[in-house]
Amino acid sequence: MSTRLARAALSLYRWGGVALYPVVGPYLALRAAKGKEERSRRKERYGAASVARPEGPLVWFHAASVGETNAIVPLIREVRRRGIAVLLTTGTVTSAKVVQDRLGSEVIHQYVPLDLKPAVSRFLEYWHPDLAIMAESEIWPMTILELGARHIPQVLVNGRISDRSFPRWKRRHALADALFENFALVIAQSETDAERFRTLGALPVLVSGNLKVDTDAPPVDAAVLKSYRDQIAGRRTWAAISTFDGEEAAAGNVHRALKERTPGLLTIIVPRHPERGDAVADMLAARGLKVVRRTSGEPLTPDTDIFLGDTIGEMGLYLRMTEIAFVGRSLFAEGGQNPLEPAMLGCAILSGGNVQNFREAYQQLARNGSAKMVRDIEMLAKGVHYLLANDETRRQMIDAGQETVQEMRGALRATIKGLEPYINPLTVKARLHPRQTT
């Protein structure tokens with residue numbers, strides 16, 4: 001694609017968004033009906049603010065979903081420590097709850113505007129951020145172009161480009177260049193990601209490591225954890241977390257295969273999308289398994305087969321109930337999910353081989369002996385059974401995982417250093433403008 005065609009494509013995208021803007025109402029209404037939008041806050045998706053903008057400098061952070069939100073919490077707190085107001089946008093209901101639980105009044109939360117010119121323009125004209133910081137792989141053409149047109153510095157942190165996305169961008173190199181040239185800075189997770197960003201026209205590009213390593217371990221309500229531990233009463237447990245379609249059935253099959261050899265076995269299943277809880281519970285029950293859902297409030301009894309974690313923001317509870325965790329989106333779907341939280345919380349890790357989005361983390365965990373890859377359900381069952389039966393091996397994997405996490409830390413420090421030229425002037429402005437609301 002030539003530069004001229006790329007500019008024409010972006011212009012078409014811009015004015016196509018203007019044309020579509022009046023008819024997006026039904027789309028948002030459908031999402032709201034499915035629980036994917038908050039009905040009372042739908043106007044935020046049109047770029048309309050629901051709270052007042054504070055005086056003084058403002059940094060806009062955007063994180064798509066739960067994982068990205070958790071990753072940038074320490075970075076947000078560093079910016080707030082300097083007296084700078086923070087506007088945080090997310091795109092999902094679940095991530096909005098995480099923001100409320102973890103940051104509360106420390107930030108202003110809004111849902112991200114649709115990537116359509118009228119919505120983005122309204123959003124930027126109202127909030128007028130001094131700096132925009134996007135997390136990971138958030139490349140929204142209209143948002144990037146509108147920020148560029150207003151000369152608002154935009155930085156991509158914890159940046160990554162997946163194996164699937166990179167060839168697509170390369171085939172449209174002129175389009176990529178027209179977008180990535182708007183970034184004042186890209187701070188990438190790895191050297192591989194950094195080289196991909198440079199190839200696509202981003203400059204300058206720094207490498208920080210993965211911010212997810214520098215986050216705190218997921219919190220837990222100590223009283224709730226004690227209650228469940230008392231109910232488990234010494235039973236053997238393992239967990240399948242962040243699972244996608246097909247992996248819950250696989251976990252159920254593993255439980256059935258091991259139940260006779262491991263009396264009292266309890267399997268914990270935590271779907272990546274809790275709204276799938278009804279379908280997952282019905283599927284497991286149809287296989288003859290007794291399921292207790294976290295949302296039901298029912299106690300775990302000796303004949304409970306599956307504890308279904310169908311809640312938001314309680315990964316810290318589920319992982320503290322076991323020492324073995326299979327991390328999903330890795331057997332039947334590509335991408336992988338974050339293995340660092342189970343490593344932090346003392347779990348031996350099993351995973352399928354499709355972990356492209358967390359390749360470097362898995363490589364380091366596997367190299368240090370804290371993560372094992374499985375090819376299929378049969379191999380997963382064998383891995384779970386071996387770890388349940390071999391306490392010393394399990395403990396060695398747990399210790400190696402926690403040591404690996406410590407070795408990998410440092411991304412937050414590197415990211416803050418890269419952001420200093422943009423944050424320091426705002427720190428000075430914040431001291432001149434004590435925070436007030438208008």
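**Close-up views of a predicted model**

**View 1. Strand 6 meets strand 7.** Strand 6, residues 185-188, pairs with strand 7 in the parallel sense, and three bridges hold the register. Val186 has Val205 of strand 7 as its bridge partner. The model shown here and in every view below is predicted.

**View 2. The open seven-stranded sheet.** Seven strands form an open sheet in the order 3-2-1-4-5-6-7, with parallel pairing. Strand 3 (108-111) and strand 7 (205-207) are the edge strands; each has a single partner, so one side of each lacks a neighbour in the sheet. From one strand to the next, the twist averages 20 degrees.

**View 3. Strand 5, an enclosed strand of the sheet.** Strand 5 spans residues 154-159, and six of its six residues are buried, so the rest of the structure largely encloses this strand. Strand 4 (residues 131-135) pairs with strand 5 in the parallel sense over four bridges. Ala135 has Val157 of strand 5 as its bridge partner.

**View 4. The largest nonpolar core.** This core holds 37 residues. Which residues touch the most other members? They are Trp60, Ile139, Trp169, Phe180 and Phe197. Helix 8 (residues 173-180) supplies the largest share of the core, six residues. In soluble globular proteins, nonpolar side chains tend to be buried together.

**View 5. Contacts of Trp169.** Neighbours within four places in sequence are left aside here. Beyond them, Trp169 is in contact with Ile139, Ile161, Ala176, Leu179, Phe180 and Leu200. Ile139 and Phe180 also appear with Trp169 among the core residues that touch the most other members.

**View 6. A separate core.** Another nonpolar core lies apart from the largest one. This second core has 33 residues, including Tyr228, Phe307, Met315 and Ala325.

**View 7. Strand 13, covered on both faces.** In a regular strand the side chains alternate between the two faces of the sheet. Strand 13 covers residues 348-351. Ala348 and Leu350 lie on one side, Ile349 and Ser351 on the other, and all are buried.

**View 8. The partners of strand 13.** Strand 12 (residues 324-327) runs parallel to strand 13 and is joined to it by four bridges. Ile324 has Ala348 of strand 13 as its bridge partner. Strand 14 (residues 371-373) also runs parallel to strand 13, through three bridges. There, Ser351 has Met373 of strand 14 as its bridge partner.

**View 9. The second largest pocket.** The volume of this pocket is about 150 Å³. Its lining consists of Gln189, Ser190, Gly209, Asn210, Asn357, Phe358, Glu360, Ala361, Gln364 and Met408. Which helix gives the largest share of the lining? Helix 15 (residues 359-367) does, with three residues.

**View 10. Lys36 in a loop.** Lys36 sits in the loop between helix 2 (25-33) and strand 1 (58-62). This lysine is partly exposed, at a relative accessible area of 39%. Ten residues along the chain separate Lys36 from Pro26, and their C-alpha atoms are 13 Å apart. With neighbours within four places in sequence left aside, Lys36 is in contact with Arg31 and Val93.

Methods
Residues are numbered from 1 along each chain as its sequence is written. This is a predicted model: local features need pLDDT of at least 70, side-chain atom pairs count only at pLDDT 80 or more; totals for chains, interfaces and linings use all residues. Side-chain values use heavy atoms; hydrogens and water are left out. Two strands pair if DSSP finds at least two bridges between them. Helices (H or I, at least four residues) and strands (E, at least two) are DSSP runs, numbered from the N terminus. Axes are lines fitted to C-alpha atoms, for helices over the stretch in contact, and angles run from 0 to 180 degrees between N-to-C directions. A nonpolar core is a set of buried Ala, Val, Leu, Ile, Met, Phe, Trp, Tyr and Cys residues joined through side-chain atoms within 4.5 Å. Buried means under 20% relative accessible area, exposed over 50%, partly exposed in between (1.4 Å probe, protein chains only). Contact means heavy atoms within 4.5 Å. On a 1 Å grid over the protein atoms alone, a cavity is a set of points where a 1.4 Å probe fits but cannot get out, and a pocket is an open set with protein on both sides within 12 Å along at least five of seven lines; lining residues have an atom within 4 Å of a point. Grid points are joined across faces, edges and corners, and a volume is the space filled by probe spheres set on the points.
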